[in-house]
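Trainee: I am new to this structure and would like a close look at a single part of it. Could you take me slowly through one of the salt bridges, and then set that part in its surroundings?

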Amino acid sequence: MIFDLPGLTDLNLQIGFVVDGIATEMLALISTAGMLLMLSAHIYMVGKKNYVSFFTYLGIFTSALLGLALSPNLLEMFVFWLLVGISSYLLVGFWYDTNGSSKTTQKIFLVDRVGDVGFLLGSLGLFWVTRSFGFDESGPLLEEAIISGKLSNPTTLLLCFLIIMGPIAKLIEFPLYIWRPDVLKTPVPASALIHATTLVAAGVFVVARLEPVLAAGATALPGTVLANLFV
């Protein structure tokens with residue numbers, strides 16, 4: 001179910017939700033993992049301070065992941081992507097007064113923002129070329145721009161690299177991998193949820209959603225490993 005934003009029909013900006021095969025799998029994973037870990041979190045957090053705050057952060061984190069899975073376009077996905085990053089920051093820094101968590105959260109915040117800025121710039125660049133934030137629409141339009149010569153190969157590669165910076169930060173891949181050990185400083189249930197969803201599923205899900213765009217971008221490198229992966 002998708003709606004045009006009032007007054008912005010010329011820009012083709014839409015909001016709503018989409019439930020397809022990959023979204024269904026992601027929803028099942030998030031709901032199952034979230035339910036089990038919230039039950040264990042209740043047992044773990046009983047008697048500890050800031051019980052309500054912890055479950056508030058955990059609820060925001062889970063809701064943001066569900067919104068991410070249902071997003072029909074890059075614009076809406078980016079909003080929920082930011083919420084995932086913010087709630088991860090709050091959960092990792094939950095014990096802010098122990099174990100050096102204050103410095104840890106600063107590191108995570110900076111690394112996540114690097115990935116988010118790249119994701120945002122790549123999404124805006126893609127919209128500038130294709131006039132669309134849609135996953136399925138952007139790929140063919142990007143490929144058409146490449147073939148027609150409107151977009152040069154180096155610019156295409158830069159665009160794809162910027163978009164993929166967000167998943168790189170969440171998947172903790174080089175060079176944005178420096179905060180992996182710090183996740184273990186969170187309360188155990190939160191650490192398990194972050195590892196099971198954000199650090200694995202969310203990044204892979206975004207890459208899968210971006211497959212039409214990356215496949216179109218891979219045409220800028222014909223005959224290479226990247227092209228063989230997506231074309």
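Mentor: Let us begin with Arg 209, which has a relative accessible area of 9% and therefore counts as buried, the cut-off being under 20%. Please keep in mind throughout that this is a predicted model, and that what I describe is computed from it. The side chain of Arg 209 meets that of Asp 20 in a salt bridge, with a distance of 2.8 Å from N to O. The pair joins distant parts of the chain, since Arg 209 belongs to helix α7 (residues 188-209) while Asp 20 sits in the loop between β2 (14-16) and α1, and the two are 189 residues apart. The partner is not covered to the degree that would make it buried: Asp 20 has a relative accessible area of 29%, so that residue counts as partly exposed.

It helps to set this pair beside the other one, because a search of the whole structure finds two salt bridges. In the second, Arg 113 pairs with Asp 116, and their closest N and O atoms are 2.3 Å apart. Here the partners both lie in helix α4 (residues 101-130), three residues from each other, which is about one turn of the helix. Arg 113 and Asp 116 are both buried, whereas in the pair we started with Arg 209 is buried and Asp 20 is partly exposed.

Now for the setting of these pairs. The protein contains nine helices and two strands, and from the N terminus the order of the elements is β-β-α-α-α-α-α-α-α-α-α. Of its 231 residues, 47% count as buried.

From the loop that holds Asp 20 we can pass to helix α1 (residues 21-45), where Met 35 is found. Met 35 has a relative accessible area of 51% and is therefore exposed, the cut-off being over 50%. Together with Leu 36 and Leu 39, Met 35 makes a nonpolar surface patch of about 320 Å².

Further along come helix α2 (residues 51-70) and helix α3 (residues 74-92), whose axes come within 8 Å and cross at roughly 155°. That angle makes α2 roughly antiparallel to α3, and their crossing is left-handed. In the loop between these two helices lies Pro 72, which is buried with a relative accessible area of 12%. Pro 72 and Phe 17 are separated by 55 residues in sequence, yet their C-alpha atoms are 5.5 Å apart in space.

After helix α4, the helix of the second salt bridge, look at Arg 131 in the loop between α4 and α5 (135-148). Arg 131 has a positive phi of about 60° although it is not a glycine. This deserves a remark because most residues other than glycine have a negative phi. With 45% relative accessibility, Arg 131 counts as partly exposed.

One further pairing across the sequence can be followed from helix α6 (residues 153-170), which is the place of Leu 157. Leu 157 is partly exposed, at 29% relative accessibility, and its C-alpha lies 9.4 Å from that of Leu 214, with their positions 57 residues apart in sequence.

To return to the part you asked about, the salt bridge to keep in view is the one in which Arg 209 of helix α7 is linked with Asp 20 of the loop between β2 and α1.

Terms used
Residues are numbered from 1 along each chain as its sequence is written. This is a predicted model: local features need pLDDT of at least 70, side-chain atom pairs count only at pLDDT 80 or more; totals for chains, interfaces and linings use all residues. Side-chain values use heavy atoms; hydrogens and water are left out. Patches are made of residues with over 30% relative accessible area and no salt bridge: like charges are joined within 9 Å, nonpolar side chains (Val, Leu, Ile, Met, Phe, Trp, Tyr) within 5 Å. Accessible areas come from the Shrake-Rupley method with a 1.4 Å probe; for residues, only the protein chains shown count as cover. A salt bridge is a side-chain nitrogen of Lys or Arg within 4 Å of a carboxyl oxygen of Asp or Glu. Helices (H or I, at least four residues) and strands (E, at least two) are DSSP runs, numbered from the N terminus. Buried means under 20% relative accessible area, exposed over 50%, partly exposed in between (1.4 Å probe, protein chains only). Axes are lines fitted to C-alpha atoms, for helices over the stretch in contact, and angles run from 0 to 180 degrees between N-to-C directions. Angles under 35 degrees count as roughly parallel, over 145 as roughly antiparallel, 65 to 115 as roughly perpendicular and the rest as oblique. A crossing is left-handed if the near helix is turned anticlockwise from the far one by less than a right angle, and right-handed if clockwise.
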